[in-house]
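Work through these short exercises with the structure open beside you. Try each task before you read its solution.

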Amino acid sequence: QFFESFLSMLGACVAHADELDPKLRFARQLGMLVADEDTYFVDSFAELGVDPADYLRPELAAPTAGFRDLMASAVDSASYPQLLAVLVVAEWLYLDWAESGEEMPQRQVHRGWIGLHRGEAFRGWVQFLVDELERVFPAADDQSSEAESLTRIWRRAVDLECAFFDN
């Protein structure tokens, strides 16, 4: 239920990044997602026997709906730092989870999802996001409302991601 919103956030990063190199990096990531993750979801649902009606229009748990709202708000803001704050939390937590060292599950459908969120390529993606957020985040001596707003967004994203995992 996050895929479409996540694609919108990456597209917004292409549109609102302040330099060409980050725009290109986000565009490449969009291509990877369309090629790998979308196929993963469709194939996984088929393998698990999930009816399309159950995954196309499900009733969303509160954390899922909240995180989708947060992503939509970041897209609507047209703020590159705000988009990055949400992306860093989401991707960094998935990296931490996927590389937690827990035993790999038996089913390929589960191992495949973990595999998409670990390893050198994904670590590099997360580091890129962190580096970009650090680059555009207001300076420490700048007690601006933007820094306070980004901190609130960061905390909200963490709270929602933790609630999602708990759910």
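**Exercise 1. Classify serine 77 by its accessibility and place it in the fold.**

Solution. Start with the surface value. Serine 77 has a relative accessible area of 29%. Partly exposed runs between 20% and 50%, so serine 77 is partly exposed. Keep in mind that this is a predicted model. Next, find its element: serine 77 sits in helix α4. Then look at its side chain, which makes a polar contact of 3.4 Å with the side chain of glutamine 82. Finally, look across the sequence. Alanine 12 is 65 residues away along the chain, yet the two C-alpha atoms are 9.5 Å apart.

**Exercise 2. Find what is unusual about the phi of alanine 78.**

Solution. Begin with the general rule: most residues other than glycine have a negative phi. Now check the residue. Alanine 78 is not a glycine, but its phi is positive, at about 55°. Locate it next: alanine 78 belongs to the loop between α4 and α5. Its relative accessible area is 37%, so alanine 78 counts as partly exposed.

**Exercise 3. Describe the largest nonpolar core and the elements that build it.**

Solution. First, the count: this core holds 36 residues. Second, the best-connected members. Met9, Phe26, Phe67, Val86, Leu87, Trp125 and Leu129 have the most contacts inside it. Third, the contributors. Two or more residues come from each of α1 (3-16), α2 (20-48), α4 (62-77), α5 (80-98), α7 (120-136) and α8 (145-166). The top contributor is α5, with 10 residues. Now zoom in on methionine 9. Beyond four places in sequence, methionine 9 touches Met71, Ala74, Val75, Leu83, Val86 and Leu87. Methionine 9 is also among the buried residues of α1, which include Phe3, Phe6 and Leu10.

**Exercise 4. Test whether the length of α1 fits the expected span of a helix.**

Solution. Count the residues: α1 has 14. At 1.5 Å a residue, these should span 20 Å. Now compare the ends. The end C-alpha atoms of α1 are 20 Å apart, so the two values agree. Repeat the test on α7. Its 17 residues should span 24 Å, and its end C-alpha atoms are 24 Å apart, which agrees too.

**Exercise 5. Compare two residues of α7, glutamate 132 and valine 126.**

Solution. Take glutamate 132 in α7. Its relative accessible area is 7%, so glutamate 132 is buried. Its side chain is joined to that of tyrosine 80 by a polar contact of 2.5 Å. Apart from residues within four places in sequence, glutamate 132 is in contact with Pro22, Tyr80 and Leu84. Now take valine 126, also in α7. Its relative accessible area is 4%, so valine 126 is buried. Beyond four places in sequence, valine 126 touches Glu91, Trp92 and Leu95. Other buried residues of α7 include Phe122, Trp125 and Leu133.

**Exercise 6. Describe how α5 and α8 cross.**

Solution. Recall that two packed helices are described by the angle and the distance between their axes. Read off both. The axes of α5 and α8 come within 9 Å and cross at roughly 35°. Add the hand: the crossing is right-handed. Then list residues at the meeting of the helices. From α5 they include Pro81, Ala85, Val89 and Trp92. From α8 they include Leu150, Ile153, Ala157 and Phe164.

Terms used:
Residues numbered from 1 in each chain as written. Predicted model: local features only at pLDDT ≥ 70, side-chain atom pairs only at ≥ 80, totals over all residues. Heavy atoms only, no water. Core = buried A, V, L, I, M, F, W, Y, C linked by side-chain atoms within 4.5 Å. Buried < 20%, exposed > 50% of the residue type's maximum accessible area, 1.4 Å probe, protein only. Helix = DSSP H or I, 4+ residues; strand = E, 2+ residues; numbered from the N terminus. Contact = heavy atoms within 4.5 Å. Polar contact = N/O pair within 3.5 Å; in protein donor to acceptor, adjacent residues only side chain to side chain. Expected span 1.5 Å × (residues − 1). Axes fitted to C-alpha atoms, helices over the stretch in contact; angles between N-to-C directions. Left-handed = near helix turned anticlockwise from the far one by under 90°.
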